[in-house]
Amino acid sequence: MNSDLDEEAPAAVSQQWAAIDRLPTLERLRSSLFVENIEESGDGKAANVVIDVSKLGPSERRGLVEKLIRHIEHDNLRLLRKIRERMDKAAVGFPTVEVRYRNLKVKAECEVVYGKPLPTLSNSLKSIIMVFSANGVFFAVHFTSISMFRFVAAVFQTMEASATVGSLSVLFVLLLSGFMIPRPSMPIWLKWAFWISPLSYGEIGISTNEFLAPRWTKVIVEVPYVLAQSLVFTIITYPMIGYYWSAYKVFWYFYTMFCTLSYYTYLGMLLIAITPRFPVAAVLQSAFYSMFNLFAGFLIPRPQIPKWWIWFYYVIPTSWSLNGVLTSQFGDIEKEISVFGQNKTVVAFLRDYFGFRRDMLPLVALVLILYPVLFASLFAYCIGKLNFQRR
């Protein structure tokens, strides 16, 4: 605080800081309280001004730093003068120490704590390694989660047993990942589970410098990760499943997986933005995922869903993903198969059992890309407007 403030200034400054704390998260991070000089206020007193540090130009930033340095020097000078006055009143002399050095050598290591390091070859290599290591962590966590579910499905084979064991595995990974139970609070004999949970590394990576980027930067930065995940997922799973090899169907499979992973990613970010604490977001996540699985059209096909619930089928994004995958892969196959004791073509089976038609693929493609855009837009709005840090 500036030493030129009057006696009522501390209370006024506290009120201004409290007003800043009540702002939304994004505005609160960009706002700061600055005390102007006496000469600039014009009324003989220092004025408290709330400024937006992200809108300052180069000259304004330089002036701000110079004012801060000038205030610090002035406050230090006043402190030293008060100490001197008190020592003079008590008739206490300053202690003097004489130190002499001979053949003195000083060696220091410097570290850049703000801004970018010098563009040397070693610093450039370090930056490249850090970028690839960060991407590798997210890819490894995602790939580990997929491998875990595939392992459970391969061992238990039936859908009921795989779903039960998969739910227990998700619960185990979630409880021991450091979200529900922080690692310092875990018993010593249980801390090994923290390091084998893939979500632990996701927590460490996401919590680092997560809330310092602008809102839309957080949205756009997810696109390369999801794009790489979709590409790797398509390369691995498409030949393993045995789908037909054609550029048209491979692209449709890749496009559907990209949109699916995108809206799942942005939905998780949205739930974090609209809830005050992680346990609340975890409960909402379980509810959303249960509805996504129940009304996707796989467990209960669309023709068998009651009419008063059919609207829920159309608003669930997973139903459009299933429609895109099955229709693009099998919607043009006229081969006759035997299902439920009847001989039908594959096209007729998709139309009668699932309600999928090939002429609806353009609409499916449009809806699939709208879900990520909708969830990302809601996340960007909520992270900037909602603030749960109330006094």
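The exchange below goes through a predicted model and asks how some of its labels are earned.

Me: Why is Leu104 called exposed?

Reply: Exposed requires a relative accessible area over 50%, and Leu104 has 55% relative accessibility, so Leu104 counts as exposed. Leu104 is found in the loop between helix H4 (58-89) and helix H5 (121-156).

Me: What makes the nonpolar surface patch that includes Leu104?

Reply: The patch, of about 620 Å², is made by Val97, Val99, Tyr101, Leu104 and Val106. A residue enters such a patch with over 30% relative accessible area, and Leu104, at 55%, passes that cut-off. For the chain as a whole, the accessible surface comes to about 26500 Å², and carbon and sulfur atoms hold 65% of that surface.

Me: What makes up the largest nonpolar core, and which helices supply it?

Reply: This core has 30 residues, and those with the most contacts inside it are Tyr255, Trp320, Leu368, Tyr371, Phe375 and Phe379. At least two of its residues come from each of helix H11 (247-274), helix H12 (278-294) and helix H16 (361-385), and the largest share, twelve residues, comes from H11. Membership demands burial, that is, under 20% relative accessible area, together with side-chain atoms within 4.5 Å.

Me: How do you know that Phe375 touches residues beyond its neighbours in sequence, and which are they?

Reply: Contact means heavy atoms within 4.5 Å, and, with residues up to four places away in sequence not counted, Phe375 touches Tyr263, Tyr266, Leu267 and Leu270. A second, separate core has nine residues, including Ile305, Val339, Phe354 and Phe356.

Me: Which residues of helix H15 are called buried, and what do they pack against?

Reply: In H15 (residues 346-354) the buried residues are Val346, Val347, Ala348, Phe349, Leu350 and Phe354, a label that calls for under 20% relative accessible area. They pack against helix H14 (317-330), strand S3 (336-339) and strand S4 (342-345). After H15 comes Gly355, with a positive phi near 80 degrees.

Me: How do you know where the transmembrane regions are placed, and what is the helix content of residues 280-301 and of residues 360-383?

Reply: The placement comes from UniProt, where an unreviewed entry gives the feature "transmembrane region" at several spans, among them 280-301 and 360-383; such annotations may be inferred rather than shown by experiment. In the model, residues 280-301 are 68% helix and 0% strand, with end C-alpha atoms 31 Å apart, while residues 360-383 are 96% helix and 0% strand, with end C-alpha atoms 35 Å apart.

Methods: Residues numbered from 1 in each chain as written. Predicted model: local features only at pLDDT ≥ 70, side-chain atom pairs only at ≥ 80, totals over all residues. Heavy atoms only, no water. Buried < 20%, exposed > 50% of the residue type's maximum accessible area, 1.4 Å probe, protein only. Helix = DSSP H or I, 4+ residues; strand = E, 2+ residues; numbered from the N terminus. Areas by Shrake-Rupley, 256 points an atom, 1.4 Å probe, with all protein chains shown as cover. Patch = residues over 30% accessible without salt bridge, like charges linked within 9 Å, V, L, I, M, F, W, Y side chains within 5 Å. Salt bridge = Lys/Arg side-chain N within 4 Å of Asp/Glu carboxyl O.
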